[in-house]
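Open the model in your viewer and keep the selection panel at hand. The tour moves stop by stop, with something to select at each.

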2 protein chains.
Amino acid sequence: MTLDAVLARIDADLPQALERLMALLRIPSISTDPAYKADCARAADWLAEDLRGLGFTAESRPTPGHPMVVGHGGAGGRHLLFYGHYDVQPVDPLELWARDPFDPAIEETAKGKVIRARGSSDDKGQLMTFIEACRAWKAVHGSLPGRLTIFLEGEEESGSPSLIPFMRENADELRADLALICDTGLFEDAVPAITTMLRGLCKAEFTVRAASRDLHSGMYGGLARNPIHVLTRLLAGLHDANGHVQVPGFYDDVAELPDELRAQWQALAFDHGKYLGDVGLSLPAGEVDRTPLEMIWSRPTAEVNGIWGGYTGAGFKTVLPGEAHAKVSFRLVSRQDPEKILKSFRKWAEAQIPADCEILWHDGIEGSPASVMEIGDPAFEAARQALTEEWGRAAAFVGSGGSIPIAGYFKTVLGMDAMLIGFGRDDDQIHSPNEKYDLDCFHKGIRSWARVLARLA
Amino acid sequence: MTLDAVLARIDADLPQALERLMALLRIPSISTDPAYKADCARAADWLAEDLRGLGFTAESRPTPGHPMVVGHGGAGGRHLLFYGHYDVQPVDPLELWARDPFDPAIEETAKGKVIRARGSSDDKGQLMTFIEACRAWKAVHGSLPGRLTIFLEGEEESGSPSLIPFMRENADELRADLALICDTGLFEDAVPAITTMLRGLCKAEFTVRAASRDLHSGMYGGLARNPIHVLTRLLAGLHDANGHVQVPGFYDDVAELPDELRAQWQALAFDHGKYLGDVGLSLPAGEVDRTPLEMIWSRPTAEVNGIWGGYTGAGFKTVLPGEAHAKVSFRLVSRQDPEKILKSFRKWAEAQIPADCEILWHDGIEGSPASVMEIGDPAFEAARQALTEEWGRAAAFVGSGGSIPIAGYFKTVLGMDAMLIGFGRDDDQIHSPNEKYDLDCFHKGIRSWARVLARLA
């Protein structure tokens with residue numbers, strides 16, 4: 001019954017919650033542009049003060065870049081850390097905005113009410129869902145829902161240069177039992193989702209070198225080795241006809257999807273036709289024995305991201321180049337080790353090329369492994385049920401094809417898992433003009449966190 | 001015995017022949033640079049006047065660009081047309097020249113005397129070998145060695161824009177029984193050579209299109225079609241493991257080398273190790289069942305001259321591009337038809353790509369076929385014997401891996417074969433600073449033409 005009271009409080013307080021969000025949105029905390037440095041500090045101060053009003057011992061803490069907001073409050077239960085970021089993307093091109101990006105407003109649209117402003121979705125609106133949930137809880141219970149640390153960054157949109165040093169310097173203070181991150185979205189705009197698997201990434205840029213200089217294809221064509229041919233053969237052999245990567249040992253550390261997740265993903269009934277159709281494609285092009293969701297969430301990839309060699313300008317030059325180049329990246333899953341994968345790729349590639357050629361490698365063998373959360377931790381199932389209740393649709397543990405760096409950092413720097421729950425929609429236009437956050441996402445987002453906290457507390 | 005008299009006259013007149021060549025070399029007839037337009041006209045006038053002195057009815061004829069020099073003279077026997085070009089390459093970078101490029105001099109070098117100046121080899125020195133042979137002939141015989149047309153171009157180094165129109169407009173006047181062209185070199189600097197096969201060329205630039213825009217490899221990698229992968233597979237399949245082109249019908253119109261030429265080429269004992277070693281390679285990389293000389297002279301090729309797609313700048317962008325591009329060219333031999341080859345390539349390529357992709361072709365299906373001279377014409381064997389006598393080494397019918405456009409134009413526009421005989425050496429540095437022509441090449445070149453004309457007259 002106490003949860004009901006909190007939810008009722010949230011509903012009743014929504015106009016005030018919107019007022020507070022708008023106040024935060026009015027601060028142009030663009031982290032990439034030094035002209036907005038004071039505004040970033042102001043946003044941090046605003047948040048620290050708001051948190052103090054909720055009983056947190058919160059402050060804006062200096063870094064070489066923009067400040068971090070750190071607050072501690074509550075007691076009992078699992079120690080939860082909540083992460084969000086108060087900085088926003090630049091607003092150019094300004095002329096494409098229908099209104100001042102820092103003069104937020106509630107607008108009626110065909111799809112319902114939206115909060116229109118830079119940062120409304122990414123990430124001020126999302127981070128305030130958590131703070132408002134705490135506020136309602138405090139109002140009803142007189143205390144926070146357990147031991148909480150709030151950790152808000154101001155450099156997420158500018159590469160987070162201060163993040164890892166700050167986490168390292170303050171590791172004991174920041175380390176909690178579980179991190180909560182609110183910077184993701186609903187699955188297909190409707191299904192509440194907890195991201196529990198994020199693919200890792202490693203990269204290889206290299207040059208295939210044959211002749212010591214570019215050759216005239218009349219004088220040498222048909223006799224001299226063409227490094228573009230060598231490179232295309234090499235890259236064509238990266239996958240077999242079934243889409244499987246041919247680098248030896250590539251799949252050694254790839255675990256099969258647990259049956260429970262497979263069932264959840266099947267229930268999502270992912271419309272890959274629409275997903276691909278939106279970008280002019282229709283057919284899944286990955287491993288033939290995998291579902292589209294597996295392809296992007298739980299299977300590793302080898303993709304050529306760039307290739308170049310010879311004459312690429314207007315017209316023709318019948319040259320046999322001395323070199324050809326490629327950039328290849330691998331999305332990693334499970335326990336795949338970036339260093340092991342890159343070493344294996346190098347060895348495989350070097351074995352493919354003919355005697356007269358060599359491969360020059362242009363970078364190291366670093367990368368980031370996948371982040372795979374321990375969903376056996378009951379907190380995950382508890383949160384899933386909480387979200388299911390709020391949204392009226394079975395929430396799912398989903399994957400993310402790309403990396404979300406902060407989740408990896410919590411794992412590698414602080415040794416803790418993260419639960420990524422967010423309420424954005426695909427049409428929020430984050431990073432673009434006319435960013436918005438749906439009012440129902442904000443409202444149900446606050447209610448979602450109240451439900452999650454009720455179960456975790 | 002009359003040939004001996006001509007050769008003696010050539011030997012005796014060499015100092016004067018050099019004086020004349022130097023006078024021509026002093027005229028900076030750089031055709032690409034409008035600042036030298038008057039100099040080009042002056043070179044044409046100089047040549048027309050020189051030819052008139054030999055009894056030709058010669059004149060400098062205007063074109064929209066630089067003038068053509070056309071002269072007719074002599075009578076009897078086969079009508080021979082001689083082609084050369086009086087324009088020269090630009091001289092930049094001037095600071096790399098040891099002397100003024102238009103202040104010619106005879107220099108002693110470790111390898112013997114050389115004529116140093118821009119154009120000394122390409123092509124003023126070479127064209128003057130023919131004119132000096134005519135001069136000596138006239139001096140001894142009182143007349144030219146048969147019916148001759150001299151045709152000297154002033155735009156060879158700037159793409160010959162006026163050449164084909166001029167040839168078409170004056171086709172009846174220019175059409176002869178055989179063209180002689182002096183703009184090539186000795187084989188491996190020592191063996192006199194008549195180029196009788198020149199490969200043709202056709203080109204295809206195309207784009208493989210998959211998604212309608214660039215995709216994030218985190219969101220789409222493993223699921224969406226990567227057009228770089230499609231392109232590399234397509235191009236990797238262009239040759240089989242033995243170096244044979246896989247486009248259906250590609251070899252249909254390729255004749256085997258006649259036994260006589262095969263024997264001549266074997267006798268050349270081509271040092272492909274050195275040829276490849278000079279550019280940092282060591283192993284022939286073409287069709288495994290062909291000799292290196294066949295690979296560059298008498299076999300067709302498919303070479304990728306350029307490839308590009310995705311992100312090619314510094315650093316990394318984990319993009320799945322929407323498009324990937326390539327430029328492919330085919331060197332053609334025998335009776336291969338450029339249009340047929342390109343159509344076959346297009347059909348083959350389109351059959352390789354998956355359903356979700358398309359190929360956009362960026363150019364037409366034109367090209368130039370190979371030029372293969374009728375060496376059954378006794379003039380060729382006669383010239384070969386003449387050259388053998390002069391140089392003391394068995395002259396050979398050789399091929400040229402690249403096209404020499406003028407030879408093709410004589411065939412396609414005027415319907416006549418060409419005999420390409422030249423005396424350049426690989427170290428002549430044509431198109432580079434410090435161009436030279438070996439004095440012995442000039443001298444023996446004049447004598448060579450006298451011998452050839454004696455046999456053809």
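**Stop 1: polar contacts between the chains.** Show chain A and chain B together. This is a predicted model. Across the interface of chain A and chain B, 42 residue pairs are in polar contact, both partners at pLDDT 80 or more. Now look for salt bridges between chain A and chain B: the count is 0.

**Stop 2: the whole interface.** Select the residues of each chain that touch the other. Your selection should hold 76 residues of chain A and 75 residues of chain B. Turn on the surface next. Chain A and chain B bury about 5,800 Å² between them. Carbon and sulfur atoms account for 58% of that area.

Which strand gives the largest share of the side of chain A that touches chain B? Strand S11 of chain A does, with 10 residues. Select residues 301-310 of chain A to see S11. Then colour the side of chain A that touches chain B by residue class. You get 36 nonpolar, 25 polar and 15 charged residues.

**Stop 3: strand against strand.** Keep S11(A) selected and add residues 301-310 of chain B, which form strand S11 of that chain. The two strands pair in the antiparallel sense. There are 5 bridges between S11(A) and S11(B). Now pick A:Trp308. Which residue of S11(B) is its bridge partner? The partner is B:Trp308.

**Stop 4: two domains in chain A.** Hide chain B. Colour 2-197 and 370-456 of chain A as domain 1. Colour 200-254 and 300-368 of chain A as domain 2. The C-alpha centres of domain 1 and domain 2 of chain A are 41 Å apart. Their contact takes 5 residues from domain 1 of chain A and 7 residues from domain 2 of chain A.

**Stop 5: the boundary between the domains.** Domain 1 and domain 2 of chain A bury about 390 Å² between them. Of this area, 47% lies on carbon and sulfur atoms. Select A:Ala370, A:Gly401 and A:Ser403. These three residues supply 81% of the area that domain 1 of chain A buries against domain 2 of chain A, more than any other three residues.

Check the polar side of this boundary too. The salt bridge count between domain 1 and domain 2 of chain A is 0. Residue pairs in polar contact, both at pLDDT 80 or more, also number 0 between these domains. Last, colour by class the side of domain 1 of chain A that touches domain 2 of chain A. That side has 2 nonpolar, 3 polar and no charged residues.

Note on methods:
Residues are numbered from 1 along each chain as its sequence is written. Chains are lettered from A and ligands numbered from 1 in the order in which they are written. This is a predicted model: local features need pLDDT of at least 70, side-chain atom pairs count only at pLDDT 80 or more; totals for chains, interfaces and linings use all residues. Side-chain values use heavy atoms; hydrogens and water are left out. Contact means heavy atoms within 4.5 Å. Buried area is the accessible area (1.4 Å probe) that two parts lose on being put together, summed over both. A salt bridge is a side-chain nitrogen of Lys or Arg within 4 Å of a carboxyl oxygen of Asp or Glu. A polar contact is a pair of N or O atoms within 3.5 Å; within protein, one must be able to donate a hydrogen and the other to accept it, and residues adjacent in sequence count only if both atoms are side-chain atoms. Helices (H or I, at least four residues) and strands (E, at least two) are DSSP runs, numbered from the N terminus. Ala, Val, Leu, Ile, Met, Phe, Trp, Tyr, Cys and Pro count as nonpolar, Asp, Glu, Lys and Arg as charged, and the others, Gly among them, as polar. Two strands pair if DSSP finds at least two bridges between them. Domain bounds come from an automatic or database domain assignment.
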